[in-house]
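Please read the paragraphs that follow with the structure open beside them, so that each statement can be checked by eye.

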Amino acid sequence: MKSTDTYNDIKEVNLSYLMLAQSMVRADRAGAVFKLGISEEIADILDRLTPGQILKMSSSDMLLCNFRFDDTLLLNLLANHERERGVGHVHAAILAAGKAVEAVA
Amino acid sequence: MISGGRVRNKSVILEARDIRLAVELVELGARLQLLEAETKLSRERLLKLYKEVRGVSPPKGMLPFSTDWFMTWQPNIHASLFMAYYRFLGKHTGLTGLEQIIKAYRMYLEQVKRGNMDTVLSLTRAWTMVRFFDANMLQMATCHECGGEFVAHAYDPTKGYVCGLCHMPARAGKTRRAAAAAA
């Protein structure tokens with residue numbers, strides 16, 4: 001893959017991510033804090049971003065969303081197909097709720 | 001607060017807020033006792049409201065008062081899931097009290113629905129459980145295999161605790177209904 005492709009893909013993902021995150025925060029703040037794994041402070045920042053700011057932020061050459069699961073067990077639970085899906089996701093949700101959220105330093 | 005009757009008539013706005021709250025609670029399946037504890041509406045009004053929203057009279061009888069229900073395999077998973085959301089919201093959002101319970105319960109319902117599971121935990125049970133925690137009758141135990149936190153009896157030893165999801169009982173989930181659905 002050429003580097004310009006990667007750059008465009010990153011831009012695309014950033015834009016989708018920011019737009020999705022903003023609409024999630026606006027629709028259901030508490031739920032979004034859990035689903036996005038962010039602090040309320042970051043939720044406030046997302047809420048206040050203007051479309052122009054979102055566009056500018058997404059054209060960065062690094063991904064703005066983080067890989068959230070630094071935990072192999074959690075990863076396995078979500079990726080594993082053997083177990084009954086519902087139960088695996090419940091287990092994952094219980095573990096995810098115990099994790100720290102991303103916060104502004 | 002001099003007499004109950006006078007307090008009730010005090011504020012129309014507060015009463016409107018209580019009615020809205022009560023309707024939301026009834027829709028989520030709350031029992032009458034929960035409504036009486038959380039709103040200032042009279043029993044008669046709550047009865048009427050309940051019938052209007054649900055179309056039937058509220059179930060009679062006492063609320064479940066045993067903590068044992070939360071310990072069997074399936075209820076424990078559901079109770080622990082609710083508590084995970086409840087504690088997350090308490091730590092990371094400004095929600096408190098009943099709002100925190102309602103939001104956690106909605107998140108629980110959402111998760112259960114997505115996983116095609118039965119709603120094992122009712123709102124009234126969830127609310128009762130939070131009160132059990134406040135009264136130090138229940139505690140969270142950390143599973144030493146997955147690190148997740150699960151509902152357990154207070155004062156039970158938690159060293160070496162393993163949760164019901166890491167060590168599923170052999171017959172877990174194999175109900176008569178599941179067999180019928182597969183057939």
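Among contacts in chain B of this predicted model between residues at least 6 apart in sequence, 48% join residues at least 24 apart. The chain in which these contacts are made has eight helices and two strands, and its elements, read from the N terminus on, follow the order α-α-α-α-α-α-α-β-β-α. Of the 183 residues of chain B, 32% count as buried.

What does the largest nonpolar core consist of, and which residues have the most contacts inside it? This core has 62 residues, and those with the most contacts inside it are B:L81, B:F82, B:Y85, B:A104 and B:Y108. Helix 5 of chain B gives the core its largest share, 10 residues. In soluble globular proteins, nonpolar side chains tend to be buried together. Taking B:Y108 as a point of entry, and leaving aside its neighbours within four places in sequence, one finds this tyrosine in contact with B:L81, B:F82, B:Y85 and B:L121.

Elsewhere in chain B, the residue B:T128 gives a second point of entry, and it lies in helix 7, which covers residues 123-134. Is B:T128 buried or exposed? B:T128 counts as buried because 21 other C-beta atoms lie within 10 Å, where 20 or more are required. When its neighbours within four places in sequence are left aside, B:T128 is in contact with B:L63 and B:P64. B:T128 and B:F65, although 63 residues apart in sequence, are 8.0 Å apart in space, C-alpha to C-alpha.

Turning to the meeting of the two chains, 24 residues of chain B are in contact with 20 residues of chain A. On the side of chain B that touches chain A, the elements that give two or more residues are helix 5 (73-92) and helix 6 (97-114) of chain B, and the largest share, nine residues, comes from helix 5. Helix 5 of chain B thus gives the largest share of this side and also the largest share of the core described above. By class, the side of chain B that touches chain A has 11 nonpolar, 10 polar and three charged residues.

Chain A, for its part, is assigned domain 1 (1-65) and domain 2 (67-105), and the centres of these two domains, taken over C-alpha atoms, are separated by 21 Å. Six residues of domain 1 of chain A are in contact with five residues of domain 2 of chain A, and those on the domain 1 side divide into three nonpolar, two polar and one charged.

Conventions:
Residues are numbered from 1 along each chain as its sequence is written. Chains are lettered from A and ligands numbered from 1 in the order in which they are written. This is a predicted model: local features need pLDDT of at least 70, side-chain atom pairs count only at pLDDT 80 or more; totals for chains, interfaces and linings use all residues. Two residues are in contact if their C-beta atoms, placed from the backbone, lie within 7 Å. Helices (H or I, at least four residues) and strands (E, at least two) are DSSP runs, numbered from the N terminus. Ala, Val, Leu, Ile, Met, Phe, Trp, Tyr, Cys and Pro count as nonpolar, Asp, Glu, Lys and Arg as charged, and the others, Gly among them, as polar. Domain bounds come from an automatic or database domain assignment. A residue is buried if 20 or more other C-beta atoms lie within 10 Å of its own, exposed if 12 or fewer, and partly exposed in between; C-beta atoms are placed from the backbone. A nonpolar core is a set of buried Ala, Val, Leu, Ile, Met, Phe, Trp, Tyr and Cys residues joined through C-beta atoms within 7 Å.
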